Amino acid sequence: MKRFILYALVAFTLLSCGGSEGRFRLKGEFEHLRQGEFYIYSNDGGTSGFDTIKIEDGQFDYETDLRNHAIYYLLYPNLSEQVIFGTSGDVITLKGDARNLKSVEVKGSKPNEELTAFRLENKDKGLVGIREAAVAFMTHSPSSPVSVFLFKEYFLLANDVSQDEVKKHYRALCEAQPDNLLLLSWQSDIENRGRLLKKGSSLPDFVFTLKDGRKVQASDYRGKPLLVNFWASWESRSRAETFRIRRMLKGNSGKIEAVSISLDVNDAARKGIERMDSVSWTSYCDFQAWNSPLVKLFGIRSIPFFILVGADGKVLAAGASYEKDIEPEIKKLFESR
């Protein structure tokens, strides 16, 4: 009887603490956060959409189906983002202070612990310093899934890195991980990087339907210049650019149109920013974030991002900075009239 009880206790412990094959479990404990909600999503099959995680007394416990591997993105209440590597059977734990989310520790697997160490070591560095650290990590550990993530974050999605440098790091990772399907799926994007929105190229033939049933498509804007911008309430830089669009439209009333496409997952947060910034132009969100068909159609790799199109539907300028990439072209456009 004693032996049976011992076996039962061991089995209970394994079930309560360990993971199950075909499942992924994420647990967390946060100081200075009594209640709230996190959002979690995955771009590579970890979730079918966006899931909501409830926080009670500073803790949460989330579980989902997972057959192989996935990268998860956890959106905190302040809408900053945490990357988590998932593998079938994993139990990953997060621990931190809600007042200092940059220092959250993620444990339970080597990739998560490697990324945590990288993040903590480089959290106070600027972009240049972090990118240099990413190169050092990729060079030292080209077979790590963390290297693939760092490559995507600081090279593939970046607009200020040369094509040659992107290709160099990509080839090194492919050589170290020849069977990595995610890497292989980026080949076309890397080969065509920067061509889609190149000056003189045609505006992608987009179409979407607003909540009021109105259909919006690229052909609606032929005959008048158009500014398209991608943004999200959780990205502070893209929020800050909204007032520039409003000021530009006011100064050129009736001469140019604008369309804003949001990568939000929280409608209340998006509407709050738009209401505060008096967004009166066409604005759309399908709540699929980076999975949005519009993001893929335009080849957007980071936000904020702007595309200025002439009356003939040809791209005049594109870039991440309104002030640097777009404003000079708009001035030229209206000075010539």
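Let's start with Arg-23. Arg-23 is partly exposed, at a relative accessible area of 27%. Keep in mind that this is a predicted model. The side chain of Arg-23 meets that of Asp-65 in a salt bridge, 2.4 Å from N to O. Where do the two residues of this pair sit? Arg-23 is in strand S1, residues 23-31. Asp-65 is in strand S4, residues 59-65. They are 42 residues apart, so this pair links distant parts of the chain. And Asp-65 itself, buried or exposed? Asp-65 counts as exposed, at 51% relative accessibility.

Next pair. Glu-37 and Lys-54 join their side chains in a salt bridge, again with the N to O distance given as 2.4 Å. Glu-37 belongs to strand S2, residues 35-42, and Lys-54 to strand S3, residues 51-56, so the bridge ties together parts 17 residues apart in sequence. Glu-37 is partly exposed, with a relative accessible area of 31%. Lys-54 is exposed, with a value of 51%.

One more pair. Lys-107 makes a salt bridge with Glu-105, and their closest N and O atoms are 3.5 Å apart. Lys-107 counts as partly exposed, at 44% relative accessibility. Glu-105 is partly exposed too, with a relative accessible area of 34%.

Salt bridges can also form a network here. Which residues are linked that way? They are Lys-211, Asp-267, Arg-270, Lys-271 and Glu-274. How many salt bridges are there in the whole structure? The search finds 15.

Now the helices. Two packed helices are described by the angle between their axes and the distance between the axes. Take helix H9, residues 242-251, and helix H12, residues 322-335. Their angle is about 10°, and their axes are 12 Å apart. That makes H9 roughly parallel to H12, because angles under 35 degrees count as roughly parallel. Which residues make the contact? From H9, they are Arg-244, Arg-247 and Met-248. From H12, they are Tyr-322, Glu-323, Glu-327 and Ile-330. Sorted by class, the contact between H9 and H12 has four charged residues, three nonpolar and no polar.

On to the sheet. Strands of a sheet pair through backbone hydrogen bonds, either parallel or antiparallel. This one is an open sheet of five strands, in the order S13-S12-S11-S14-S15, with mixed pairing. Which strands are at the edges? Strand S13, 282-285, and S15 are the edge strands, each pairing on one side only. On average, neighbouring strands of this sheet are turned by 15° against each other, direction ignored.

Look at the S13 end. Strand S12, residues 257-262, pairs with S13 in the parallel sense, over four bridges. In that pairing, Val-259 stands opposite Thr-282 of S13.

Then S14, residues 305-309. Why call S14 largely enclosed by the rest of the structure? Because five of its five residues are buried. In a regular strand the side chains alternate between the two faces of the sheet. In S14, Phe-305, Ile-307 and Val-309 point one way. Phe-306 and Leu-308 point the other way. All of these residues are buried.

What does S14 pair with? One partner is strand S11, residues 226-231, in the antiparallel sense, over five bridges. Within this pairing, Ile-307 of S14 is the bridge partner of Val-228. Another partner is strand S15, residues 315-319. S14 and S15 run antiparallel and are joined by four bridges. Leu-308 stands opposite Ala-317 in S15.

Last, the turn. The hairpin of S14 and S15 has five residues between the strands. Which residue takes a positive phi there? Gly-313, near 85°.

To recap. Salt bridges join S1 to S4 through Arg-23 and Asp-65, and S2 to S3 through Glu-37 and Lys-54. H9 packs roughly parallel to H12. S14 is largely enclosed, with five of its five residues buried. Happy to go back to any of these on the structure.

Notes: Residues numbered from 1 in each chain as written. Predicted model: local features only at pLDDT ≥ 70, side-chain atom pairs only at ≥ 80, totals over all residues. Heavy atoms only, no water. Salt bridge = Lys/Arg side-chain N within 4 Å of Asp/Glu carboxyl O. Buried < 20%, exposed > 50% of the residue type's maximum accessible area, 1.4 Å probe, protein only. Axes fitted to C-alpha atoms, helices over the stretch in contact; angles between N-to-C directions. Parallel < 35°, antiparallel > 145°, perpendicular 65-115°, else oblique. Contact = heavy atoms within 4.5 Å. Nonpolar A, V, L, I, M, F, W, Y, C, P; charged D, E, K, R; others polar. Pairing = 2+ DSSP bridges.
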